[in-house]
Structures are given as structure tokens and as C-alpha cells.
Amino acid sequence: MGVTSASDYTITPHASEQIKKRFGQTLDTMREWAERLLKLSEFVKHEENGRDRYRYQDIAIILDAKKKQVITMFPDPQDAIKLDKKPLNPELQTSVNEMIAKFLENKRQEVAENVHSKVSDIEQAANDFRINSSEDNLIELRSVLRMIDDELAKYDMFVAETKMITGK
């Protein structure tokens, strides 16, 4: 059963930043996304610090039920290999690290291509706003910049997940 009165919960600034970084949500989509997860989540346990832990699929959700606040959310795969319990064979660890480095290199290249493809959109929106500083042109400029920020946030999510898996 999900969180009761999920729509009454506020998202703390910390949670907002972490959700943006870890899950690629924007300020425009975050509230609805978080509320949906709260409604679909399952209670896991009461933490020692008085907070409650919920889970939706592979996402851990930490709440302060008394203040009705979302404290944070983070990836918490149920079927992840817990590397900290048994060290990997050094040769295997080297191979895994090389694969991860290559994966992140490919992701950086993909992000670079996607950001570069938006350069003309940025120039056009900035020029339109400079010529006519209307609210509509400002909204368009923010929209283009937000697309780039979202693209960078998705990359940050890959990096965060990689660090979580590798412990580095």
C-alpha cells in the first residue's frame, strides 16, 4: 500500500536536488512524478532516526511522516550484487572498471552530441530574447536551456549509479 495522503507531502530542497540529479526529473515534472511514486510505493521500515523508508521498484524513498516531507530518494536495486561483502577478483575488477569507463565515455560523447545539436536553438532563442525581451521569448530561452540541463542531469544520474555500483 502506498503513502496515504501523498499529495500532502512536500519535497525538501535536498530531495529536489537529488531527484533531479539521480532520476533526471525537472522542476516541472518532479512533483507529479514523486507523488505517483509515493502512491505506488510499499512501506519497508521505520528508520532509527524516526524517518520511514518506502520502496517503489528499485527506488528507496525516505520520508518524514510527521512533517509530511520527502527527505530523499535514491536508487536501491533489490537484485544488485553487493560488492562490499566479497571483494572481486582483481582481474575481474579491472575488466569491470574498464567496461564502466568505456560506458561513461560513450555516454559523455552522446551528451556532447545532444548538447551540441542544441547550439543553434540556444543562439536563436537568445537572439530572439535580445531583440524582443518578451515573456514568451524568455520562456522559450528557458525551455531550450532546461533541455540542456536535463541532458546533463541524465548523465549525472549515470555517474551516480556507477559510483553506487563500484563504490568509487
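A nonpolar core, as I use the term here, is a set of buried Ala, Val, Leu, Ile, Met, Phe, Trp, Tyr and Cys residues joined through side-chain atoms within 4.5 Å. I'm working from a predicted model.

**Entry 1: the cores**

I went for the largest nonpolar core to begin with, and it has 18 residues. The residues with the most contacts inside this core are Trp33, Leu38, Ile61, Leu63 and Met73. Next I asked which elements give two or more residues to it. They turned out to be α1, α2, β3, β4 (59-64) and β5 (69-75). The most comes from α2, with five residues. Apart from this core I found another, of five residues, including Leu104, Val111, Tyr155 and Val159. Background note to self: in soluble globular proteins, nonpolar side chains tend to be buried together.

I then pulled up leucine 63 and skipped its neighbours within four places in sequence. That left me with contacts to Val3, Tyr9, Leu38, Arg51, Asp52, Tyr54, Gln69, Val70 and Ile71.

**Entry 2: aromatic pairs**

How many aromatic pairs are there? I got two. One is phenylalanine 23 with tryptophan 33, a tilted pair at 5.4 Å centre to centre with 40° between the planes. Phenylalanine 23 sits in helix α1 and tryptophan 33 in helix α2 (residues 27-40), so this pair ties together parts that are 10 residues apart in sequence. Are these two buried or exposed? Phenylalanine 23 has 14% relative accessibility, so I logged it as buried. Tryptophan 33 is buried too, at 13%.

The other pair is phenylalanine 43 with tyrosine 54. Their ring centres are 5.4 Å apart and the planes stand at 80°, so I wrote this one down as edge-to-face. It links phenylalanine 43 in strand β2 (residues 42-46) to tyrosine 54 in strand β3 (residues 52-56), 11 residues apart. Burial is split here: phenylalanine 43 is partly exposed at 39% relative accessibility, whereas tyrosine 54 is buried at 13%.

**Entry 3: strand β3 and its partners**

Tyrosine 54 sent me on to the rest of β3. Five of the five residues of β3 are buried, so I noted the strand as largely enclosed by the rest of the structure. Which residues are on which side? I have Asp52, Tyr54 and Tyr56 on one side, Arg53 and Arg55 on the other, and all are buried. For reference, side chains in a regular strand alternate between the two faces of the sheet.

I traced the pairing both ways. β2 and β3 run antiparallel over four bridges, and glutamate 42 stands opposite arginine 55. Their hairpin has five residues between the strands, and there I spotted glycine 50 with a positive phi near 90°.

β3 and β4 are antiparallel as well, joined by five bridges. Tyrosine 54 has isoleucine 61 as its bridge partner in β4. This hairpin has two residues between the strands, and glutamine 57 takes a positive phi near 50° in it.

**Entry 4: lysine 20**

Last, I checked a lysine. Lysine 20 is in helix α1 (residues 13-23) and is partly exposed, with a relative accessible area of 25%. What does lysine 20 touch, not counting residues up to four places away in sequence? I found Gln25, Met30, Asp149 and Ala153. For methionine 30 I also looked up the C-alpha separation from lysine 20: 7.8 Å, with the two residues 10 apart along the chain.

How values were computed:
Residues are numbered from 1 along each chain as its sequence is written. This is a predicted model: local features need pLDDT of at least 70, side-chain atom pairs count only at pLDDT 80 or more; totals for chains, interfaces and linings use all residues. Side-chain values use heavy atoms; hydrogens and water are left out. Buried means under 20% relative accessible area, exposed over 50%, partly exposed in between (1.4 Å probe, protein chains only). Contact means heavy atoms within 4.5 Å. Rings of Phe, Tyr and Trp (its six-membered ring) pair if their centres lie within 6.5 Å; planes under 30 degrees apart count as stacked, over 60 as edge-to-face and the rest as tilted. Two strands pair if DSSP finds at least two bridges between them.
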